[in-house]
Amino acid sequence: MNWDDCGAYGHPAIRTPNIDQLASEGLRFQHAYLTTNSCSPSRASIITGKYPHNTGAEQLHWPIPAGSHTVARQLKSMGYYTAAAGKWHMGDHIRDHFDKVYEASTAGFVLPSGKDGEPPKMIAQQPSGCEDWERALDERDKSKPFFMWLASLDPHREYTDGSLDPPHRSEDVIVPAHLPDTPDVREDLRLYYDEIGRLDQYVGKVMNKLDSQGVAENTVVLFISDNGRPFPRDKTTLYDGGIRTPWIVRWPRKVTAGVVTNSLVSAVDIAPTFLALAGGDQSDLKSDGQSFADVLTNPLVSTREFAFAEDHWHDYEDHARCIVDQRFKLIRNDYVDLPATPSADAGRGLSWQDMLRLNQSEELTEAQQSCFRSPRPHWELFDLQRDPGELSNRIDDPAYQSVKQRLTRALDQWTLKTDDYIPTKRTPDEFDRVTGEPDHNVRVRPRPSKQEMFHTNGKY
């Protein structure tokens with residue numbers, strides 16, 4: 001879900017009354033960033049408090065390695081009841097960090113063959129992934145404090161009609177500049193809006209359940225996404241459409257309602273913050289992040305100067321890094337010979353199919369051609385205040401040279417501090433970059449772990 005695709009962040013048409021209410025009763029973060037642009041690596045980073053390259057699970061579908069420290073395990077050891085419900089996508093080694101796991105069907109993430117000439121579809125038995133959220137709250141041990149990891153499938157692809165009643169309309173859609181404004185793109189976005197609306201309904205059910213159990217006042221609720229909008233030039237990129245996230249904290253006993261903070265936060269900070277709030281020892285987690293607990297009671301406090309994000313293999317090979325503050329973003333593309341091909345599920349979507357056709361007929365704008373461009377620039381610099389769509393690369397603009405130097409220096413320091421690296425081996429693509437057809441010589445499910453592929457969970 002894109003960071004601003006809800007009413008609380010200013011979208012005028014997407015119907016999200018429950019998320020909006022969460023924001024009106026809590027603290028809304030204006031500058032919140034994920035550590036990566038891809039679902040399972042993002043989840044691994046959130047729950048371990050480590051940057052993706054330090055989790056051993058930085059590529060899509062790599063499981064979190066055995067022996068990993070997680071905030072769930074720490075809280076469980078402190079006497080918390082821990083449960084996960086919905087999308088899992090983290091492997092088997094940390095299941096026992098939770099007292100109970102209610103895993104949504106994985107049918108939505110396998111690629112079956114189409115029948116009778118129809119294109120393949122990914123259909124989940126639990127379409128939203130939120131169906132067990134209330135059950136998890138009902139069945140928790142009421143004698144213990146609790147930690148819930150509630151994860152939706154919505155608004156992940158594939159999209160089908162009927163997820164929201166009444167549905168959004170084509171005229172509700174706001175097409176971003178990096179996508180062409182065609183009927184198919186509008187339909188693709190409309191269906192995406194509907195899944196956000198369905199997710200919103202489950203947010204409301206959770207809040208009602210907490211209220212009925214009498215624990216809503218002293219329960220910290222954090223609402224985020226794990227990656228951006230699943231469309232070309234969004235998900236799997238380091239633009240804001242890939243890594244910027246909605247971030248709302250509701251905690252009536254401590255957090256002032258209806259406040260907005262400009263304090264910069266990163267998903268790597270979530271685990272140490274939750275431990276701090278619970279009175280745990282953050283050093284046991286060995287996190288790369290830092291607590292933002294002080295921001296909850298003083299929204300003017302700043303806990304970090306920069307946020308950092310990573311781009312790794314997701315269906316297709318790629319490798320990039322970025323650094324961002326409240327105004328500027330610097331991206332370093334390491335594999336400039338590869339185009340920024342969107343994820344395979346987005347590639348099968350209506351938008352990308354339109355873009356393939358329009359690219360052939362040379363009808364795309366320069367911004368809309370970015371997913372096809374090879375080679376790519378090694379460096380990109382954006383002024384997010386003047387250019388929120390990240391359409392104007394300022395890397396060679398003389399007016400921005402001091403910004404470039406400041407961000408480059410900070411990125412270099414982060415690289416050394418976190419022991420980041422560029423792999424010595426590339427991972428093969430699993431799909432054709434144009435047709436989207438799977439390469440069954442490469443694609444194996446379950447996907448081998450990093451250890452199995454490269455004989456290490458560290459540098460390779």
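This is a short walk through the pockets, one buried lysine, a few strands and a helix, and the cysteines of the structure above.

Okay, thanks everyone. Before anything else, please keep in mind that this is a predicted model.

Let's begin with the empty space. The largest pocket comes out at about 1,300 Å³. It takes 47 residues to line that pocket, and the ones nearest its centre are Met148, Trp149, Leu150, Leu222 and Phe274. If you want to find the walls by element, look for those giving two or more residues to the lining: the helices α2 (39-48), α3 (71-77), α4 (133-138), α5 (183-212) and α7 (270-278), plus the strands β4 (146-151) and β5 (221-224). Which of them gives the largest share of the lining? That's β4, with 6 residues. As for chemistry, the lining of this pocket splits into 35 nonpolar, 7 polar and 5 charged residues.

Now, closed spaces. Searching the whole structure turns up 5 cavities of 30 Å³ or more. I'll show you the second largest cavity, which has a volume of about 80 Å³. Among the residues around it are Asp311, His312, His314, Glu317, Asp318 and Arg433. Thr236, Thr237 and Thr341 belong to that lining too. By class, the lining of the second largest cavity has 3 nonpolar, 5 polar and 4 charged residues.

Back to β4 for a moment, because it takes us from the pocket into a sheet. Strand β2, residues 81-86, runs parallel to β4, and 6 bridges join the two. To place the register, take Ala85 in β2: its bridge partner in β4 is Leu150. And Leu150, you'll remember, is one of the residues nearest the centre of the largest pocket. β2 also has strand β3, residues 100-103, as a parallel partner, with 4 bridges between them. There, Ala83 stands opposite Lys100. So how many residues of β2 are buried? The count is 6 of 6. As a reminder, side chains in a regular strand alternate between the two faces of the sheet.

The helix α7 is another contributor to the pocket lining. Along α7, Ile270, Ala271, Pro272, Thr273, Phe274 and Leu275 are buried. Phe274 is the one we met by the pocket centre. Right after the helix comes Gly279, with a positive phi, near 80°.

Next, a residue I'd zoom in on: Lys329, in strand β10, residues 328-333. Is Lys329 buried or exposed? It counts as buried, because its relative accessibility is 0%. What does its side chain contact in there? One partner is the side chain of Glu390, in a polar contact at 2.7 Å. The Lys329 side chain also reaches the backbone oxygen of Leu238, at 2.9 Å.

Last stop, cysteines. The disulfide count here is 0. Take Cys39: it is in no disulfide, and the nearest cysteine sulfur, from Cys130, is 15 Å away, where a disulfide needs the two sulfurs within 2.5 Å. Cys39 has 2% relative accessibility, so it counts as buried. Cys371 is in no disulfide either; for that residue the nearest cysteine sulfur belongs to Cys322, 16 Å off. Cys371 is buried as well, with a relative accessible area of 3%.

That's my tour; happy to go back to any of the views.

Technical notes
Residues numbered from 1 in each chain as written. Predicted model: local features only at pLDDT ≥ 70, side-chain atom pairs only at ≥ 80, totals over all residues. Heavy atoms only, no water. Buried < 20%, exposed > 50% of the residue type's maximum accessible area, 1.4 Å probe, protein only. 1 Å grid on protein atoms, 1.4 Å probe; cavity = no way out; pocket = protein on both sides within 12 Å on 5 of 7 lines; lining within 4 Å. Points joined across faces, edges and corners; volume = space filled by probe spheres on them. Nonpolar A, V, L, I, M, F, W, Y, C, P; charged D, E, K, R; others polar. Polar contact = N/O pair within 3.5 Å; in protein donor to acceptor, adjacent residues only side chain to side chain. Pairing = 2+ DSSP bridges.
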